[in-house]
Amino acid sequence: MKLSKEGSNLVFLIGAARSGTKMLRDVLAQHPGVSKVPYDINFVWRWGNESLEHDELTPLNYSDKNKHLIHKYLERYVKKGDYLIEKSVSNTIRIPFLQRNYPDAKYIFLYRNGIDVCESVIRQWKAPLDSKYLLQKMRSTPPSLLINYGMKFLKRNLIKRKNDFFWGVNFPGMSKDLQFKSIYQVVAQQWTYCVGKMLEARESIDSGRLIEIKYEDLVHNSDAVLERIFKFIDPQFSFMRTDKDLITSNHVGRGKSNFLEEQLIVILPIVESTMKKIDSL
């Protein structure tokens with residue numbers, strides 16, 4: 001099976017880091033008609049734009065040469081079925097760029113409570129480097145990118161200096177924020193920026209190519225939500241009961257349970273307006 005040059009059999013799963021995108025990708029890829037890119041491939045989307053200090057890309061960053069390289073890389077993962085699902089969390093802030101590359105692609109937007117996301121991101125921020133995952137990802141990185149991308153990644157993750165270490169999406173202005181703001185402020189701004197870009201971009205995607213899902217609905221009513229998603233990907237798909245172990249509601253509400261009151265006082269003013277917009281969808 002070939003990957004369409006216009007993206008008619010490509011599905012982008014879009015969501016801020018720690019919103020459940022990995023879980024949902026892996027569940028959907030259990031379907032015989034869906035293949036997956038098994039890693040976030042930020043380094044691939046940034047092909048030809050590595051000099052940018054942040055992850056945001058616009059249609060102005062597009063080039064035919066880079067599109068060819070991106071397409072060639074993605075095509076290696078079309079191993080079964082008709083559709084390829086890709087999720088890289090940095091794609092939250094480059095949706096117009098994705099549309100320029102693949103104008104016929106479909107989009108699944110996944111939203112999760114901002115307080116819960118911040119709590120989860122901070123735990124990842126402080127967690128030790130997963131060497132096994134890193135090794136697997138390095139094996140899939142093109143040699144032409146490995147030295148440049150690999151050195152930057154290792155420097156950031158092994159040294160972990162306060163003013164330049166970060167986890168997740170590198171939004172514009174983040175490097176400055178890291179120098180003067182607390183981790184709670186930066187993580188809250190990271191989530192707000194990413195979700196804000198999703199809400200902004202949703203207006204430019206045809207309704208037939210976009211489905212919006214809330215994490216809380218997915219984990220509490222998984223069969224109904226998954227059936228909607230499978231039918232969205234392809235109306236001919238029949239609903240398939242998947243591995244339930246991948247879906248759990250145990251993490252709902254962790255933010256308010258685990259944050260101290262003084263931490264919530266910092267985070268809430270940054271995220272609450274965006275959370276209200278999600279609630280209204």
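## Definition and overall architecture

Helices are DSSP runs of H or I covering at least four residues, and they are numbered from the N terminus. Helix 1, which spans residues 21-28, holds both Asp26 and Lys22. These two residues stand four residues apart, about one turn of the helix.

The model described here is predicted. Its secondary structure consists of 13 helices and five strands. The protein has 281 residues, of which 52% are buried. Among contacts with a sequence separation of 6 or more, 79% join residues 24 or more positions apart. The accessible surface amounts to about 13600 Å², and carbon and sulfur atoms contribute 53% of this area.

## Nonpolar cores

In soluble globular proteins, nonpolar side chains tend to be buried together. In this model, the largest nonpolar core comprises 59 residues, and the members that touch the most others are Phe12, Trp45, Leu74, Tyr102, Tyr107 and Phe109. The greatest contribution to this core comes from helix 9 (residues 183-201), which supplies 10 residues. A separate core of 24 residues lies apart from it, and includes Ile213, Leu218, Val225 and Ile247.

Tyr107 illustrates how parts of the chain come together in the largest core. With residues up to four places away in sequence left out, Tyr107 touches Phe12, Ile14, Ile95, Leu98, Gln99 and Tyr102, among others. The list also includes Ile205, Arg209, Leu210, Ile211 and Phe232. Phe12 and Tyr102 therefore appear both as partners of Tyr107 and among the core members that touch the most others, in a core defined as buried residues joined through side-chain atoms within 4.5 Å.

## Phe43 and the cysteines

Phe43 belongs to helix 2, which covers residues 42-45. Phe43 is classed as buried because its relative accessibility is 4%, below the limit of 20%. Phe43 and Ser88 are 45 residues apart along the chain, and their C-alpha atoms are separated by 9.8 Å.

The structure contains zero disulfides. Two cysteines can nevertheless be described by their burial. Cys118 has a relative accessible area of 0% and is therefore buried. Cys194 is likewise counted as buried, because its relative accessibility is 2%.

## A buried acidic residue in helix 5

Glu119 is located in helix 5, which runs through residues 114-126. Is this residue buried or exposed? With a relative accessible area of 6%, Glu119 is buried.

The side chain of Glu119 makes a polar contact of 3.0 Å with the side chain of Asn258. Beyond its neighbours within four places in sequence, Glu119 is in contact with Arg254, Gly255, Asn258 and Phe259. Asn258 is thus one of these contact partners as well as the partner in the polar contact.

## Salt bridges

The whole structure holds 12 salt bridges. One of them joins Asp26 to Lys22, with the closest N and O atoms 3.5 Å apart. Asp26 is buried because its relative accessible area is 13%, whereas Lys22, at 48%, is partly exposed. Salt bridges link Lys22, Arg25, Asp26 and Lys36 in a network.

A second pair consists of Lys181 and Asp177, whose closest N and O atoms are 3.5 Å apart. Lys181 is partly exposed, with a relative accessible area of 29%, while Asp177 counts as buried at 14% relative accessibility. Another salt bridge is formed between the side chains of Arg202 and Glu212, at 2.7 Å from N to O. This pair links distant parts of the chain: Arg202 is in the loop between helix 9 and strand 5 (210-214), Glu212 is in strand 5, and the two are 10 residues apart. Both partners are partly exposed, Arg202 with a relative accessible area of 23% and Glu212 with 24%.

## Backbone at Arg18

Most residues other than glycine have a negative phi. Arg18 departs from this pattern, as its phi is near 70 degrees, a positive value in a residue other than glycine. Arg18 is placed in the loop between strand 1 (10-14) and helix 1. Because its relative accessible area is 33%, Arg18 is classed as partly exposed.

How values were computed. Residues numbered from 1 in each chain as written. Predicted model: local features only at pLDDT ≥ 70, side-chain atom pairs only at ≥ 80, totals over all residues. Heavy atoms only, no water. Buried < 20%, exposed > 50% of the residue type's maximum accessible area, 1.4 Å probe, protein only. Contact = heavy atoms within 4.5 Å. Disulfide = S-S within 2.5 Å. Polar contact = N/O pair within 3.5 Å; in protein donor to acceptor, adjacent residues only side chain to side chain. Salt bridge = Lys/Arg side-chain N within 4 Å of Asp/Glu carboxyl O. Areas by Shrake-Rupley, 256 points an atom, 1.4 Å probe, with all protein chains shown as cover.
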